[in-house]
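Visitor: Please take one part of this model and walk me through it closely. Then set that part in the context of the chain.

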Amino acid sequence: MIIKAQKGRGSKIHLLLDDEYQITTDVNFWAENYIKDGTDITDDEWNNLVERIYYRKAFNKCADFLSRRDHSVKELKEKLLRTADEASVDKVIARFTELGYLDDEKFAKNYAEHLFKNKNYSVNHVKQELYKKGISRDIVAEIMDDTEIDSVENIVTIINKRYYNKLNAENGKEKVIAALMRKGFAYSDIKSAFNRIENEEYV
């Protein structure tokens, strides 16, 4: 099989075998793995080259995602699989984990803290969000044990920010209670929060 490279748009390099297009890479990869036009390569050599191209693509995509924000392993893998093969994705994830850029426990702690402090989520709601990100139940349990949360205070904050004006509407209190319960808050905590508000402790 005779390999040739053609310059594409921007930094793209298109690779051909026997004058038929096969795959696209970039100038940086090709500078590191250059093969002279007209070289006769074997199937094994070609397959090895393609494998490295896919790995580099997945690696660069992974670095791009992580440069924007932290991810859990599960959500990052799901994103990478949209544009890369599973073997390359698994290798890239293993590499970034080894380098310390992927850490489910660290991610889960920071994400849970964000949901509690900035979103005022209930404990149950936070757990569900962590499970969606692929965080193990052991890690979630450990985070919940290590986190001090005043659910009543969170409910008071939510009521004052989002629902206080709705309390005077017909069946307003009942509707607010139902909305809070859908968010995962316990009825006993909701009741305590209303007691605080009615006693003007927070308003």
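**A close look at T24**

Guide: Start with a side-chain pair. The side chain of T24 makes a polar contact with the side chain of H14, at 2.8 Å. A second polar contact, of 2.7 Å, links the side chains of T24 and Y21. Keep in mind that this is a predicted model.

Where does T24 lie? T24 is in strand β3. Is T24 buried or exposed? T24 has a relative accessible area of 13%, so it counts as buried, the cut-off being under 20%. Leaving out residues up to four places away in sequence, T24 touches K12, I13, H14, I53 and K57. H14 thus appears twice: as a touching residue and as a polar partner of the T24 side chain.

Now step back to the loop ahead of β3. Strand β2 covers 12–17 and β3 covers 20–26, and D18 sits in the loop between them. Phi of D18 is near 50 degrees. That is a positive value, and D18 is not a glycine. D18 is partly exposed, with a relative accessible area of 46%. T24, by contrast, is buried.

A second residue with positive phi lies further along. N120 has a phi of about 55 degrees, and N120 is not a glycine either. N120 also sits in a loop, here between α5 (104–118) and α6 (123–132). Is N120 buried or exposed? N120 has a relative accessible area of 8%, so it is buried. Its contacts, not counting residues up to four places away in sequence, are L115, N154, T157, I158, K161 and F185.

Several of those contacts lead to helix α8, which spans residues 151–163. Which residues of α8 are buried? They are S151, V152, N154, I155, V156, I158, I159 and Y163. N154 and I158 are among them, and both touch N120. What covers the buried residues of α8? The cover includes α5, α6, α9 (172–182) and α10 (187–198). The loop of N120 runs between two of these helices, α5 and α6.

Now the whole chain. How many helices and strands does it have? There are 10 helices and 4 strands. From the N terminus, the order is β-β-β-α-β-α-α-α-α-α-α-α-α-α. The radius of gyration is 26 Å, well over the 17 Å that the globule rule gives for 203 residues, so the chain is more spread out than a compact globule. Along the principal axes, the C-alpha atoms fill a box of roughly 85 × 35 × 20 Å.

Buried residues make up 35% of the 203 residues; T24 and N120 are two examples. Among contacts with a separation of 6 or more, 54% join residues 24 or more positions apart. The accessible surface comes to about 12600 Å². Carbon and sulfur atoms hold 44% of that surface. Last, the charges. The chain has 34 positive and 37 negative charges, and their mean positions are 6 Å apart.

How values were computed. Residues numbered from 1 in each chain as written. Predicted model: local features only at pLDDT ≥ 70, side-chain atom pairs only at ≥ 80, totals over all residues. Heavy atoms only, no water. Helix = DSSP H or I, 4+ residues; strand = E, 2+ residues; numbered from the N terminus. Buried < 20%, exposed > 50% of the residue type's maximum accessible area, 1.4 Å probe, protein only. Rg over C-alpha atoms; globule rule 2.2 N^0.38 Å. Contact = heavy atoms within 4.5 Å. Areas by Shrake-Rupley, 256 points an atom, 1.4 Å probe, with all protein chains shown as cover. Lys, Arg positive; Asp, Glu negative; His and termini not counted. Charge placed at Lys NZ, Arg CZ, Asp CG, Glu CD. Polar contact = N/O pair within 3.5 Å; in protein donor to acceptor, adjacent residues only side chain to side chain.
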